[in-house]
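Visitor: I would like a close look at a single part of this protein, taken slowly and with its surroundings kept in view. Please start from one side chain and work outwards.

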Amino acid sequence: MSANIRNMKLKSRMSLSYVMIIGICMIASIAALFMLNKIGDNLSSFYTNNYTVTVNVWRAKREMQAARADILHAILEPDADETRESLEEAKDSLANMRAAFPVIRESFKGDIALVDQVDSLLQRAIVYRDQVFELIEAGKQDDAYQVMKSDYISLLDQMADALQKIADTAGQNAQLMVEEGKEAQKSAALVILAIMALSIVSAIWLGVYISNGIRRPVNEIQDAAQKLAKGELDNASVAYTSKDELGKMSDSIRDLIDYQKTIIEDISRILGSMAEGDFRVKSAVKEYYRGQYYRVLTSMRGLRDKLSSILLQISQSAQLVADGSEQISSRAQALALGASEQASSVEELATAVNNISKHVKATEENAVDARAQTNQAGTRVTMSNRQMQEMIEAMKGISEKSNQIGEIIKTIEDIAFQTNILALNASVEAARAGEAGVGFGVVAKEIRSLADRTSVSSKNTSALIQETMEAVEKGDKAAHATADSLSDVAEMTKQVVMAVDKIASASEYQSDSISQITAEVDQISDVVQNNSATSEELAAASEELSTQAQVLESLISQFQLHE
């Protein structure tokens, strides 16, 4: 019974409680109406039977007394008219007395033999009454008085006694009805009080039962909802089971808890696998991601694909950086080798220039002996001219090497710029990834630092190369000027005999030019030395960049990327 009530709908429970309370109230009302009807029947019986009998008995006795008085008055009255009037009144009284008897017979609930006795006495009294009336009408009042005294009055007295017994019986019956009415009143009051008490107890019991039946599951549902709001899914539970609305609500809460647990466990598993570097993980319960939850699955897939794409790009960039660093290293080594060769050439050039300077000074000092040494000077000028041409070619080689180094430096700057951009993008994506991207952020920071150092070194090298190219250009100009001068010297040597003074002046000019060339060559030597040191630094930076690229590739290889 309790289980059936618990499985009822709330509306049905409330309706049942109302029906039971209404039914109890109806029972109380019906019992009250029954008791009131019984009391009403007693009152009606009291009025219809006992009261009516008593009234008609007293009426019959009163009419009987009146008739006796009228008859006596007629006997004693000498006036014939008065006598007749008294007799008429006596007849009316006797008629009224006889009219009360049928009512008494009909209403009397006692011994009917008393009524029969009254009727029998009445029939006997009618005989004597008629005799008395006849004697009075005949003027025989004495005889009429004797008949009345000896017979008629005795019958009337007997009738009065019988009527009194009937009235007494009716009074006793009335007393009994009054007692029964009081008992019925008490019984009705007790029954109504009992029913009222039962109604109150039933209403309280139903209220408490229905309230507990609603309060307990509502408290469980409320507690589970609060724990769900706090994220305490392991502690959230609803034990209430029923087929009513609260039972369905409890089933829904249990389904919600299981659904949330499944979703969160799946999300935790996916994110945990991604945190461990496995980006090939997939959802095991795709069908659970419905409605707004599908957006979560889509976001996780987007995060997985985005991180896989970024890591793949980083891996490819690391490979490119490694390849580029190897190329830069080889180019830097070649540049260092070329710089060393340039340094050797410049040293040879400096030696040659110094020799030229010595010879020019000797020519200046021995201008007087120019004629004798004209052939020898011509030969040396020719040799100087050839060496100058070789120096010009060496300068061209230095310029070409410097241009190649500039292109290499530009390539390094482009690689450093792209590496810096990739490192910046990796830092942004690592910041978006949160804790899972801390390692990516550190790697991106190291890459960006290495790219910055590479960019600074390449810029410094570019500046040095630019200065070298400017110095080379100046040296080239000076070499061409020297070549022209040597050509002039060769021409003048042929005419030395005719222009000794001009040769002395030209020798002095040549001495100054050679001094300037010596200074320029020394400067070129310094630049070449710087280029050599810078090339070695560039080679070391390239090797370090290659090492860092390999470290980055090693870090990226720890991840299993989603295709």
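Visitor: Is Arg105 buried, partly exposed or exposed, and what is its relative accessible area? Please then take me through the helix that holds this residue.

Guide: This is a predicted model, and within it Arg105 has a relative accessible area of 33%, which makes this residue partly exposed. The side chain of Arg105 forms a salt bridge with Asp119, and the closest N and O atoms of the two are 2.2 Å apart. Arg105 belongs to helix H3 and Asp119 to helix H4, which spans residues 112-137, so this pair ties together parts that lie 14 residues apart in sequence. Asp119 is itself partly exposed, because its relative accessibility of 23% is not under the 20% that would count as buried.

Another salt bridge brings together the side chains of Asp130 and Arg129, with 3.0 Å from N to O. The two partners fall into separate classes of accessibility: Asp130 is partly exposed, with a relative accessible area of 32%, whereas Arg129 is buried, with a value of 13%. Returning to Arg105, salt bridges with shared partners join Arg105, Asp116 and Asp119 into one network. A search of the whole structure finds 8 salt bridges.

Now to the helix itself. Helix H3 covers residues 80-107, and its 28 residues reach 41 Å from the first C-alpha to the last, which is close to the 40 Å expected at 1.5 Å a residue. Towards the beginning of this range, Asp81 and Arg84 form a salt bridge through their side chains, at 2.0 Å from N to O. Asp81 and Arg84 are 3 residues apart in helix H3, and therefore about one helical turn separates them. As a general matter, an α-helix has 3.6 residues a turn, so residues three or four places apart point the same way. Both partners are partly exposed: Asp81 has a relative accessibility of 45%, and Arg84 has a relative accessibility of 48%.

The buried positions of H3 give the other half of the picture. They are Thr83, Ser86, Leu87, Ala90, Ser93, Leu94, Met97, Ala100, Phe101, Ile104 and Ser107. One of these, Ser93, deserves a closer look: Ser93 lies in helix H3 and counts as buried because its relative accessibility is 7%, under the cut-off of 20%. Beyond its neighbours within four places in sequence, Ser93 is in contact with Glu63, Ala66, Ala67 and Asp70. The C-alpha atom of Ser93 is separated by 9.0 Å from that of Arg68, a residue 25 places away along the chain.

Helix H2, which runs over residues 10-76, also holds Ile22. Ile22 is partly exposed, with a relative accessible area of 49%, and together with Met26 and Ile30 makes a nonpolar surface patch of about 310 Å². The UniProt record, an unreviewed entry, carries the annotation "transmembrane region" for residues 16-36 and for residues 187-210. Over residues 187-210 the model is 100% helix and 0% strand, and the C-alpha atoms at the two ends are 33 Å apart.

For comparison with Ser93, a buried position elsewhere in the chain is Asp266, which lies in helix H6, residues 245-275. Asp266 is buried, with a relative accessible area of 4%, and, not counting residues up to four places away in sequence, touches Ser283, Ala284, Val285 and Tyr289.

Finally, the setting of H3 in the chain as a whole. The protein chain has 10 helices and 0 strands, and its pattern along the sequence reads α-α-α-α-α-α-α-α-α-α. Of its 563 residues, 39% are buried, while the accessible surface comes to about 32,000 Å², with 54% of that belonging to carbon and sulfur atoms. Among contacts between residues at least 6 apart in sequence, 80% join residues at least 24 apart.

Technical notes: Residues are numbered from 1 along each chain as its sequence is written. This is a predicted model: local features need pLDDT of at least 70, side-chain atom pairs count only at pLDDT 80 or more; totals for chains, interfaces and linings use all residues. Side-chain values use heavy atoms; hydrogens and water are left out. A salt bridge is a side-chain nitrogen of Lys or Arg within 4 Å of a carboxyl oxygen of Asp or Glu. Helices (H or I, at least four residues) and strands (E, at least two) are DSSP runs, numbered from the N terminus. Buried means under 20% relative accessible area, exposed over 50%, partly exposed in between (1.4 Å probe, protein chains only). UniProt positions are given in the numbering used here, feature names are shortened, and annotations may be inferred rather than shown by experiment. Contact means heavy atoms within 4.5 Å. Accessible areas come from the Shrake-Rupley method with a 1.4 Å probe; for residues, only the protein chains shown count as cover. The expected span of a helix is 1.5 Å times one less than its number of residues. Patches are made of residues with over 30% relative accessible area and no salt bridge: like charges are joined within 9 Å, nonpolar side chains (Val, Leu, Ile, Met, Phe, Trp, Tyr) within 5 Å.
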